[in-house]
Amino acid sequence: MSDATLHMTDRNPDDFSVQIADQVESFLVAVTEVAKGDEPDSAVPFLLLEVSQLLLAGGRLGAHEDILPDERYEPDPGPEADVDELRENLARLLEPVDVYSEVFDPYEPRTAPVPARISDDLTDVISDLRHGMVHYRAGRTTEALWWWQFSYFSNWGSTASAALRALQSVVAHVRLNQPLAALDGLDTDQGMGDDTLEIEAGRVMAEEIGTPLGMRSVT
């Protein structure tokens with residue numbers, strides 16, 4: 001199935017698989033466009049919107065009954081598309097706020113926060129979604145839905161949720177005029193212990209993100 005046939009007019013728009021595929025495709029296209037850096041001032045709020053919409057599809061997959069593939073073994077989708085350039089572009093675009101603090105499992109007692117990157121999260125999610133999209137475009141609809149549902153539970157659901165929380169926090173800090181404290185050089189290759197990871201963003205956040213959100217400058 002080619003890109004041109006992804007939205008064929010004879011495909012029922014009310015069909016569950018079509019709706020999920022449309023939401024996945026929309027996310028893939030949108031994040032790729034954001035990563036080009038043509039509109040850096042609106043990158044964070046736009047990514048917040050796109051991740052939120054994607055998680056609606058994830059919620060529908062999560063609430064759906066178990067989807068079983070047609071074949072016992074997954075058909076070979078071919079080589080995975082390289083995402084390094086996309087990851088690097090997102091990292092440059094989000095540099096002031098890319099690193100954030102995340103608790104891997106909120107139900108695991110005494111779990112210490114760990115540093116993560118929004119750019120890593122988004123490219124990780126995209127890799128999972130693209131994998132399923134290869135099946136969908138090849139006409140293996142059930143295989144695609146199975147993969148999207150399985151990987152939602154095993155990886156991209158929690159990853160996208162963490163990225164959403166970070167993006168929402170950035171927007172909230174800007175809108176509430178609460179600049180984030182300095183990072184003091186802490187990065188994702190360093191341990192955090194019991195300390196809270198804070199992102200170096202104060203004035204840069206206000207200048208680069210606050211303006212398109214209608215936020216006055218932080219002094």
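These are my notebook entries on helix 5, one histidine, the salt bridges and the aromatic pairs of this structure, which is a predicted model.

**Entry 1: helix 5**

I began with helix 5, which runs over residues 141-175, and compared its length with its span. For its 35 residues a straight helix would reach 51 Å at 1.5 Å a residue, but I find the end C-alpha atoms only 42 Å apart. Looking along the helix for a bend, I found a kink of about 75°, centred on Tyr 152. After the helix I noted Asn 177, whose phi is positive, near 60°.

**Entry 2: His 131**

Is His 131 buried or exposed? I looked up this residue in helix 4, which covers residues 118-137, and its relative accessibility is 10%, so it counts as buried because that value is under 20%. I then listed its contacts, leaving aside neighbours within four places in sequence, and obtained Glu 74, Pro 77, Glu 80 and Trp 147. The last of these, Trp 147, also counts as buried, at 14% relative accessibility, and I return to this tryptophan under the aromatic pairs.

**Entry 3: salt bridges**

How many salt bridges does a search of the whole structure find? The search gives four, and I wrote down some of them with the accessibility of the residues involved.

Among them is the bridge between Asp 98 and Arg 117, with the closest N and O atoms 3.2 Å apart. Asp 98 lies in the loop between helix 3 and strand 1 (99-102), while Arg 117 lies in strand 2 (residues 114-117), so this pair ties together parts that are 19 residues apart in sequence. Asp 98 is buried, with a relative accessible area of 0%, whereas Arg 117 is partly exposed at 21%.

I next looked at Asp 120 and Arg 87, whose closest N and O atoms are 3.3 Å apart. Since Asp 120 belongs to helix 4 and Arg 87 to helix 3 (residues 84-93), the bridge ties together parts that are 33 residues apart in sequence. Here Asp 120 counts as partly exposed at 29% relative accessibility, and Arg 87 is partly exposed too, with a relative accessible area of 26%.

I also recorded the salt bridge of Glu 33 with Lys 36, where the closest N and O atoms are 2.8 Å apart; Glu 33 is partly exposed, with a relative accessible area of 40%.

**Entry 4: aromatic pairs in helix 5**

I searched the whole structure for aromatic pairs and found six. One of them joins Trp 146 and Phe 150, with ring centres 5.4 Å apart and planes at 5°, so the pair is stacked. These two residues are four apart in helix 5, which separates them by about one helical turn. An α-helix has 3.6 residues a turn, so residues three or four places apart point the same way. Both members of the stacked pair came out as partly exposed, Trp 146 with a relative accessible area of 22% and Phe 150 at 41% relative accessibility.

Phe 150 also pairs with Trp 147, and I noted this aromatic pair as tilted, at 6.0 Å centre to centre and 45° between the planes. Trp 147 and Phe 150 are three residues apart in helix 5, again about one helical turn.

Which residues do the ring pairs link into a cluster? They are Trp 146, Trp 147 and Phe 150. Cross-checking with my second entry, I note that Trp 147 of this cluster is the tryptophan listed among the contacts of His 131.

Methods:
Residues are numbered from 1 along each chain as its sequence is written. This is a predicted model: local features need pLDDT of at least 70, side-chain atom pairs count only at pLDDT 80 or more; totals for chains, interfaces and linings use all residues. Side-chain values use heavy atoms; hydrogens and water are left out. The expected span of a helix is 1.5 Å times one less than its number of residues. The bend at a residue is the angle between axes fitted to the seven residues ending there and the seven starting there. Buried means under 20% relative accessible area, exposed over 50%, partly exposed in between (1.4 Å probe, protein chains only). Contact means heavy atoms within 4.5 Å. A salt bridge is a side-chain nitrogen of Lys or Arg within 4 Å of a carboxyl oxygen of Asp or Glu. Rings of Phe, Tyr and Trp (its six-membered ring) pair if their centres lie within 6.5 Å; planes under 30 degrees apart count as stacked, over 60 as edge-to-face and the rest as tilted.
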